[in-house]
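Me: Could you take a close look at the place where two chains meet, and explain each term as you go? I am in my first year, so please go slowly.

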Amino acid sequence: MPTVEPLIVGASWPTPYTLLVTISQQMTQNAALVDETNYALGHLEPDEVVRISDYVVELRFAVAVPAGVWYLRIAGPESTTAVVMDTARDVSGPTRTRTWLQAGHYQPAAATVRFTFHTTVPVTVDWSVAAGTWWASLDDMVAELNTTLANRCRVELAPNHTTHRAHVRISTSGYGPAYSIAWSQSGDGSALRDRLGESGNVSSRATGTTWTDPVRGAWYSWLGASRIRRASTEELTTLVPMRDGALTQATHAPTAAPIVELDTQLRFGPPASASSDDRSGLGALEALLYDLDDVAGAQEPLTLSHWPETAASADTWVVAFGDDSLELVPDQVDAAGRVWSLDVSFVAEDCPW
Amino acid sequence: MRLDAGIRVGPTNDTLSVNIDAGGATTVTLTHGLYLSLAALCEEATTQLAAVDPALSMTPSGSGVALAASGGSTAAWAWPKPALRDALGFTGVLSASALHTSATCPHTFLASLPWSTRRPVGWTLTRQRSRHPSGVTASRTVTRRRRFEVDAVVTAAELAAFRAVMRRLAAGVPGTLYRAADNATPWAYDEWSGQSAVQIAGPSYADAFDGRTLQLLRTTLVLLEYSA
């Protein structure tokens, strides 16, 4: 029996888009749970369904969902009580991460990290990182890791919009139901391990498992920045007076990207699915600031990513704090505590425009 | 909301004496140190008293007073060093009784009006930064502290008590901020009404009356989290 659950879509969702669905009954992990034909958002069928846990699936849409009120229908997946599921409750979302900050990573020591995929005959892949390797963000690190792992699995940083933090999730693609990770197969991979939110080697972890602890040195907001305003601090040209009184112009051709001031106002707060007095966003922001020094490898510059409503992808800036002496004090914007605002002055070394 | 100024126990205010059931006075000495709240001072006093008699205790109440108790016995209390008596809120020698209640501790302020803030928590950081010719900036944090802010509202009748506490904080003595007077749980992001060890931020403190009626004092307190 189909189920209806209304979802109000404001501005059109850009592609690709994922919708997290929490189901009230524990679901049987079988083919029906991840069969995209069992799900429909209005007339749209997701392109892929991924099991996240016994109660959560993720629907991935490759086409844009226009603004309006849409009804989510689910029919086919079974609960563990062998009853065909006929009610979908607690559809969480849509929430999309609009602005996120990630500290860069400087790898202090050479390391070889070994991934083992538990196929019938285990398959191993080594990820070698040289000492001194620099990534401007965790996204860059994970992108390189995915390239190394090729098509054996997909490593994702899955944001939690309530906690404002992200967790690693690895989904093997036909390479066995589980995987293991040895962080220091050779050398010292502890900085990579700590940064990605682990405390030790990983042993036979099921595909699709969201890691318990969040990644370090990162902060995510579903509300997004309300202001990212750049100003140039580099002289681009100088007027040069000539002897005859005429003025000429000497244009400076910077050999490196100009450094610009970035006046930023971040917005964050608990989503509608969380309690209004959930202040995890503040704690996550503090964790980012403290991780810059507490976690090996995490340091300035950071990468500020912002995904505008109608864009297909996020813009990124490589930034550092604008002052040596900082006083960062978030403002509570609304009485309920759902919206917080923080003004931050950055200097950007790399801008998207 | 409640604000306690710290109390430093030293050679001039470290002893009291207790006489249980007229059996003779015993001197009790508190460990020297800085106690950030009435509760911390009472806890130390209880620790030392318990070594004399487990039934003896000095406990704080949420209303800012201290309770000197002797269980099933009667105890008389004396103060060889009156500064300790004053710090606890007692005013003189205590005759034999099972329980004595002090006046409000002079280092404690309990607000009668609600305090609020739009900016409850933030951070102050100083960073040492270096810029590499390639443009990559390396930096390290030199100092970092949580910053708390509260908008205090004080009635004219409370003014003396409030300024007594602020005078000590402005002199550099740290204290304890209780966001709920009866909640001694340490503050955290999921324990929003907990208590924090704090000291005043900045080199000075100022307050001003609200309007022409001179009935309400308003001031924004900016406090930094304190750790020894």
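Reply: What follows is a walk through the contact between chain A and chain B.

This is a predicted model, in which local features need pLDDT of at least 70 and side-chain atom pairs count only at pLDDT 80 or more, while totals for chains, interfaces and linings use all residues. Residues are numbered from 1 along each chain as its sequence is written, chains are lettered from A and ligands numbered from 1 in the order in which they are written, and side-chain values use heavy atoms, with hydrogens and water left out.

The size of an interface is often given as the accessible area lost when the parts come together. Here the area buried between chain A and chain B is about 2700 Å², and carbon and sulfur atoms give 47% of it; buried area is the accessible area, taken with a 1.4 Å probe, that two parts lose on being put together, summed over both. Chain A brings 29 residues to the contact and chain B brings 26 residues, where contact means heavy atoms within 4.5 Å.

Between the two chains there are seven salt bridges, each being a side-chain nitrogen of Lys or Arg within 4 Å of a carboxyl oxygen of Asp or Glu. In one of them Arg144(B) is joined to Asp294(A), and the closest N and O atoms are 2.8 Å apart.

On the side of chain A that touches chain B, at least two residues each come from α3 (280-294), β20 (298-306), β21 (315-321), β22 (325-328), β23 (331-332) and β24 (340-350) of chain A; helices (H or I, at least four residues) and strands (E, at least two) are DSSP runs, numbered from the N terminus. The largest share of that side, nine residues, is supplied by α3(A). Sorted by kind, the residues of this side are 15 nonpolar, four polar and 10 charged, with Ala, Val, Leu, Ile, Met, Phe, Trp, Tyr, Cys and Pro counted as nonpolar, Asp, Glu, Lys and Arg as charged, and the others, Gly among them, as polar.

Strand pairing also crosses from one chain to the other: β22(A) pairs in the antiparallel sense with strand β12 (residues 121-131) of chain B, over four bridges, and two strands count as paired if DSSP finds at least two bridges between them. Within this pairing, Leu326(A) has Leu125(B) of β12(B) as its bridge partner.
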